[in-house]
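Ready for some practice at reading a structure? Grab a pencil and have a look at the model first.

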Amino acid sequence: ELYYRYIISPRLAMSTSYTYADYTYRDYETDDASYTGNAIPGIPKNMGHLSLDYTNTNGLYGTIELNYTDKKYANDANSINDPSVLLVNLRISKELSVNKITLIPFVGIQNILDQEYSDNIRINAFGSRYFEPGPGIHMFGGVRFRI
């Protein structure tokens, strides 16, 4: 795994991370088949993250992030796979001070590109029901506060 954060300017920073995971079965045989050497299902070989964070002097904060997940197998035979996906997310917040309380309202949009992807994989699922779909484009919001 690698992680790097770079301060581009006092108001702009970039963070990136990368994970490489080449996990395979060393010795796995059943009465019906040998899975030795196959990739362990559910674990992508490559994953990456990139985000740009912006903050201004008035308490406005924004971030855009890209999350890449490589294909991953859904069964021991490696005959079914979940394709790779790139998800793009956006968050914006504003820090507000009221007396001794700091309010931070925020909103976000996830999966801006409205990608179809699996949010969960059922490994070796009965009846080939391997994939649980992830949500399409969606918004969220809320308020954090500090005293």
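Below are three exercises, each with a worked solution.

This is a predicted model, where local features need pLDDT of at least 70, side-chain atom pairs count only at pLDDT 80 or more, and totals for chains, interfaces and linings use all residues. Residues are numbered from 1 along each chain as its sequence is written, and side-chain values use heavy atoms, with hydrogens and water left out.

**Exercise 1.** Work out whether Leu 50 is buried or exposed, or something in between.

*Solution.* Start with the cut-offs: buried means under 20% relative accessible area, exposed over 50%, and partly exposed in between (1.4 Å probe, protein chains only). Next, find Leu 50 in strand S3. Its relative accessible area is 32%, so Leu 50 is partly exposed.

**Exercise 2.** Decide how the rings of Tyr 4 and Tyr 6 are arranged.

*Solution.* First, the rule: rings of Phe, Tyr and Trp (its six-membered ring) pair if their centres lie within 6.5 Å; planes under 30 degrees apart are stacked, over 60 edge-to-face, and the rest tilted. The whole structure has five aromatic pairs. For Tyr 4 and Tyr 6, the centres are 6.4 Å apart and the planes sit at 15°, so this pair is stacked.

**Exercise 3.** Now try the rings of Tyr 25 and Tyr 28, then check how covered each residue is.

*Solution.* The ring centres of Tyr 25 and Tyr 28 are 4.6 Å apart with planes at 65°, so call the pair edge-to-face. Tyr 25 has 18% relative accessibility, so it's buried. Tyr 28 comes out at 25%, so Tyr 28 is partly exposed. Finally, Tyr 25, Tyr 28 and Tyr 35 form one aromatic cluster.

Methods: Helix = DSSP H or I, 4+ residues; strand = E, 2+ residues; numbered from the N terminus.
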